Amino acid sequence: SRGLSPTVIVIGAGMSGISAAKTLSEAGIKDILILEATHRIGGRIKKTKFSGVFVEMGANWVEGVNGKEVNPIWTMANEIGLKSYRSELRNIASNVYKQSGGLYNESEAQKVVDSAEEFFNFSANVSVSLLRNGVEDISILTAERLRHKVPSTPIEKALEYFRYDSQQGEPPRLTSLRNTAPLPTFADFGDDIYFVADSRGYESVVHYVAKEFLTTNKAGEIKDPRLMLNKVVTEIHYSGKGIIVKSEDGGVYKAEYVMVSTSIGVLQTDLISFVPPLPDWKLLALDQFDLSVYTKIFIKFPYKFWSTGNGTEFFVYAHERRGYYTNWQQLENEYPGANLLLVTLTDDESRRIEQQSDSKTKSEIMEVLRNMFGDDIPEATDILVPRWWSDRFYKGCFSNWPVGLTRHRFNQIKSPVDRVYFTGEHTSEKYFGYVHGAYLAGIDSANSLINCVKKKVCNPKDDQVFQDENVPVREEQRMVATY
Ligand SMILES: Cc1cc2nc3c(=O)[nH]c(=O)nc-3n(C[C@H](O)[C@H](O)[C@H](O)COP(=O)(O)OP(=O)(O)OC[C@H]3O[C@@H](n4cnc5c(N)ncnc54)[C@H](O)[C@@H]3O)c2cc1C
């Protein structure tokens, strides 16, 4: 019966899984079953109600707008009429706070910004020439050393953090220069970024794609037997003959193929057992990519004590401890009268605060704000701390290309293994880490599967060439970071 023995099971209903399923469906492979662990579609694009308004816990910006090509997510956002606001990052020199309070002199801060900009252009040239000359990859930090521009003062560190960690979620010493400078997202789609603030949520772009192939009820909600929510996949059995997928609640589903769209963080854990285990080359590739952690903390106040208006959206706190509540945004434009601030943490700071109480985090934030604005400011009345890293269905936020990971390894991350196909933002070579990366990856992975189903071109040569490499077996006992 339909739904029980589909051609393809898609695991996960985030942007990439939905996009893959839609592509399969449009190619005539309509016998699909989507199994999603949570009670909703959208994955890492997720709105929530906070103090009377809807805010985004996950993806917030459409990144790469107003360039030579049109970002497909921007097209959807416009069709839906999603409310979004262009973010202006260029005035940051007027908004850098000292550790013990007060602003840095603007011309002093501007010198640091200009020097960082000069370094950025230098590093993009180095990156291109590395590629052209077939030289090995280097980190952003190595490029800083080459230029004698390793940040050392609090303001240099803060502005470096604002540029790199706020984009990649990881510090420059970990990030591949070759694969991030220049970033194809901005080179192809334009330098502008638009902050989505709409009560329907950024996730409505995922609904938009889903409604193009799944059936809806009279209220416009998706009601289709091909989408099953609250189905946590725990086992995937695969062989040349087909696929059996098992879920935590005892469900057993058979198919000819499976498309796995969970985050690479999930694939680095043992939530899903593959039977037989994935080959060593695949595990090694999956384990080498990074999933960054990026925490957007929303805080509500009884009234505003910060500046608003042109050029004030972003501000930076330059603490000696790098990444300590560095990146701030005031949301008066997006949420007028709501008195909201957004502060972003990443990496180790994110993991640290995921493991402490929200009231502890709130008191750290109040101390930082008193340093910046003085002792007279009011106490925050509400705080929202998302926990993507601790969540077994995500284990982080967006992928980052670590220094040294070769293109060859990258291809292995997305390569199918027998009848098991892979998609997700981490499989997009150009746009990994972004919503548009997830969307375009879904189309790509579906097209390889379509070639297999329809043209019997399965496991193309590209995917096979590296499979006989001798690589170490994955440690079963994983090292878990403790703080
Ligand atoms: C805090 C944060 C901020 C971000 N900011 C931006 C931004 O501003 N702009 C931007 O472009 N991108 C941003 N991103 C990245 C963007 O959200 C992702 O790249 C994209 O949404 C990933 O889509 P995906 O389909 O690859 O993965 P996911 O959205 O993770 O979808 C995978 C789905 O699989 C499900 N799943 C997991 N395990 C199982 C299982 N065992 N069984 C069944 N289902 C399972 C999950 O619940 C999920 O729904 C951000 C992400 C985060 C978290």
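Let me begin with a hairpin, which strands β11 and β12 form with four residues between them, and in its turn Gly250 has a positive phi of about 95 degrees. Before going on, I should say that this is a predicted model, in which local features need pLDDT of at least 70 and side-chain atom pairs count only at pLDDT 80 or more, while totals for chains, interfaces and linings use all residues. Residues are numbered from 1 along each chain as its sequence is written.

When I say strand, I mean a DSSP run of E with at least two residues, and a helix is a run of H or I with at least four, both numbered from the N terminus. Two strands pair if DSSP finds at least two bridges between them. In the hairpin, β11 (residues 242–247) and β12 (residues 252–255) run antiparallel and are joined by four bridges, and Ile244 has Lys254 in β12 as its bridge partner. The side chains of β12 alternate, with Tyr253 and Ala255 pointing to one face and buried, while Val252 and Lys254 point to the other and are not buried. Buried here means that 20 or more other C-beta atoms lie within 10 Å of the residue's own; with 12 or fewer a residue is exposed, in between it is partly exposed, and the C-beta atoms are placed from the backbone.

Now to the sheet: in which order do the five strands of the open sheet stand? The order is β9-β2-β1-β13-β22, and the pairing is parallel. Because β9 (227–228) and β22 (420–422) stand at the edges and each has a single partner strand, one side of each is left without a neighbour in the sheet. Strand β2 (residues 32–35) pairs with β9 over two bridges, and Ile34 stands opposite Leu227 in β9. Across β1 (8–11), β13 (257–260) and β22 lies helix α13 (residues 435–455), running at about 155 degrees to β22. That angle is taken between N-to-C directions on a scale from 0 to 180 degrees, with axes as lines fitted to C-alpha atoms, for helices over the stretch in contact.

Helix α13 also supplies at least two residues of the shell around the ligand, as do α1 (15–26), β5 (61–65) and β16 (294–300). By class, this shell has 22 nonpolar, 14 polar and five charged residues.

Strand β16 is mostly covered, since six of its seven residues are buried. Seven bridges join β16 to the antiparallel strand β19 (residues 340–346), where Val343 is the bridge partner of Ile297. Three bridges join β16 to β20 (residues 382–384), also antiparallel, and there Ile299 has Ile383 as its bridge partner.

Finally, an unreviewed UniProt entry places the feature "binding site" at Ser16, Glu36, Ala37 and Val233, although such annotations may be inferred rather than shown by experiment. Is Glu36 buried or exposed? Glu36 counts as buried because it has 25 C-beta neighbours inside 10 Å, and it is found in the loop between β2 and β3 (47–50). Leaving aside neighbours within four places in sequence, its contacts include Gly12, Met228 and Lys231, where contact means that the C-beta atoms, placed from the backbone, lie within 7 Å. Val233, in strand β10 (residues 233–239), has 24 C-beta neighbours inside 10 Å and therefore counts as buried.

Technical notes:
Contact = placed C-beta atoms within 7 Å. Nonpolar A, V, L, I, M, F, W, Y, C, P; charged D, E, K, R; others polar.
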